[in-house]
Amino acid sequence: MQYTTLNNGVKMPMVGFGVFQIPDQDQCQKVVEEAIKTGYRLIDTAEAYGNEEAVGKAIKASGVPREELFITTKVFIQHMSYEGTKEAFAESLKKLDLAYLDLYLLHQPVGDTFGAWRALEELYKEGKIRAIGVSNFKPDQIANLSLFNDITPAVNQVEVHVFNQKEEEKIYLTSKGIQMESWGAFAEGQFDIFNNPILTEIAAKYGKSTAQVMLRWQLQRGIVSLSKSANPERVRQNFDIFDFELSDEDMAKITTINTNTTVFADHHDAATVELLAGFVGKSF
């Protein structure tokens with residue numbers, strides 16, 4: 001495993017396992033146990049995923065010492081306020097059956113993010129969270145949050161994949177000492193990504209899968225990546241990316257795939273904010 005050092009000195013694994021869209025508790029517990037057995041030490045969940053309890057059970061069943069694991073969860077929009085975040089944090093910690101979190105994120109840049117961030121800062125100062133960060137924030141939102149609060153986010157977890165490479169955002173985050181972490185490393189399987197001719201050519205060169213090439217590309221860019229699969233063989237395969245290195249030529253070829261295409265939505269778009277707010281019953 002390779003690690004990155006966050007802006008507060010905490011070490012974070014560069015490769016993690018996510019559990020988005022695995023709501024079945026038994027299945028989630030089994031795949032997380034398999035991921036930890038494979039070697040994953042970063043596990044990423046969220047209150048919105050509905051599977052924190054399963055992740056907690058998998059952590060206990062794994063037998064791996066707690067200090068060797070890096071556990072992330074996130075507060076969602078319905079709790080995006082000072083008091084709401086305090087309540088959500090306590091509930092997530094209870095469901096995960098943990099004494100502390102390694103990373104706690106604001107899941108979306110919607111709602112009272114300033115109030116929520118003040119709650120995170122207090123929890124961090126109390127030693128209940130080792131690092132705090134955000135998810136799906138744009139650079140202007142990061143700047144606003146950082147300049148008018150005490151603590152700069154340690155991590156920004158955003159959509160990054162070969163079709164949406166976000167190089168300018170990465171440069172900005174790096175300049176501020178903020179670690180970029182990607183979700184959607186495989187673009188949710190869209191655009192026939194696993195059969196992309198450039199990726200298949202590079203994969204054949206190294207005797208690897210296109211998925212492994214995409215994760216290795218993230219690693220070499222200095223981006224923490226999350227992958228997910230309910231298939232044990234794919235879980236193991238997605239972790240097996242440390243025994244090869246993409247050449248500069250390969251990295252340049254992958255750059256040409258970029259189309260700045262999202263598989264979700266622009267968080268600066270009013271319709272997106274209204275859509276997200278609608279999930280928790282807010283509307284004009």
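**Helix packing, salt bridges and two unusual loop residues**

Where helix 1 runs alongside helix 9, Glu34, Ala35 and Thr38 from helix 1 touch Pro232, Val235, Arg236 and Phe239 from helix 9. Sorted by class, this contact between helix 1 and helix 9 is made of four nonpolar residues, one polar residue and two charged ones. The model is a predicted one, and in it the axes of helix 1 and helix 9 sit 10 Å apart, at an angle of about 35°. The crossing of helix 1 past helix 9 is right-handed.

A salt bridge also joins these two helices. Arginine 236 pairs with glutamate 34, and their closest N and O atoms are 2.8 Å apart. The partners come from distant parts of the chain: arginine 236 belongs to helix 9 (residues 232-239) and glutamate 34 to helix 1 (residues 25-38), with their positions 202 residues apart in the numbering. Their surroundings can be described too. Glutamate 34 counts as buried, at 18% relative accessibility, whereas arginine 236 is partly exposed, with a relative accessible area of 37%. The pair does not stand alone, as Glu34, Glu233 and Arg236 are linked in a network of salt bridges.

Helix 9 also carries asparagine 238. Asparagine 238 is buried, with just 5% relative accessibility. What does asparagine 238 contact, once its neighbours within four places in sequence are left aside? The list reads Tyr40, Phe186, Ala211, Leu215, Ser227 and Ser229. As for phenylalanine 264, it is 26 residues away from asparagine 238 in sequence, and the C-alpha atoms of the two are 23 Å apart in space.

Back at helix 1, there is another helix to look at. The axes of helix 1 and helix 2 (residues 52-62) come within 8 Å and cross at roughly 40°. Helix 1 and helix 2 are therefore oblique to each other. Here too the crossing is described by its hand: helix 1 passes helix 2 in a right-handed fashion. On the helix 1 side, the contact uses Gln25, Cys28, Gln29, Val32, Glu33 and Ile36, and these meet Glu53, Ala54, Val55, Lys57, Ala58, Ile59, Ala61 and Ser62 of helix 2. Eight of the residues in this contact of helix 1 with helix 2 are nonpolar, three are polar and three are charged.

Elsewhere in the chain, helix 7 (residues 197-206) and helix 8 (residues 210-220) make a further pair, their axes coming within 8 Å and crossing at roughly 95°. That angle falls between 65 and 115 degrees, so helix 7 and helix 8 count as roughly perpendicular to each other. From helix 7, Leu199, Thr200, Ile202 and Ala203 meet Thr210, Val213 and Met214 of helix 8. The contact of helix 7 with helix 8 has five nonpolar and two polar residues, and no charged ones.

Salt bridges turn up in other places as well. Side chains of opposite charge can pair when their charged atoms come close. How many salt bridges does the structure hold? The count is 16. One of them joins lysine 125 to aspartate 150, with 3.3 Å between the closest N and O atoms. Lysine 125 lies in helix 4 (residues 113-125), while aspartate 150 is in the loop between helix 5 (139-147) and strand 8 (155-159), so this pair ties together parts that are 25 residues apart in sequence. Both partners have their accessibility on record here: lysine 125 counts as exposed at 58%, and aspartate 150 counts as exposed at 62%. Another salt bridge runs between lysine 128 and glutamate 126, whose closest N and O atoms are 3.4 Å apart. Lysine 128 is partly exposed at 36% relative accessibility, and glutamate 126 is partly exposed with a relative accessible area of 45%.

Finally, the backbone of one loop deserves a look. Alanine 187 is found between strand 9 (179-183) and helix 7, and although alanine 187 is not a glycine, its phi is positive, at about 55°. Glutamate 188 is in the loop between strand 9 and helix 7, and its phi is near 55°, again a positive value in a residue other than glycine. Is each of these residues buried or exposed? Alanine 187 is buried, with a relative accessible area of 0%, whereas glutamate 188 counts as partly exposed at 41%.

How values were computed:
Residues numbered from 1 in each chain as written. Predicted model: local features only at pLDDT ≥ 70, side-chain atom pairs only at ≥ 80, totals over all residues. Heavy atoms only, no water. Salt bridge = Lys/Arg side-chain N within 4 Å of Asp/Glu carboxyl O. Helix = DSSP H or I, 4+ residues; strand = E, 2+ residues; numbered from the N terminus. Buried < 20%, exposed > 50% of the residue type's maximum accessible area, 1.4 Å probe, protein only. Axes fitted to C-alpha atoms, helices over the stretch in contact; angles between N-to-C directions. Parallel < 35°, antiparallel > 145°, perpendicular 65-115°, else oblique. Left-handed = near helix turned anticlockwise from the far one by under 90°. Contact = heavy atoms within 4.5 Å. Nonpolar A, V, L, I, M, F, W, Y, C, P; charged D, E, K, R; others polar.
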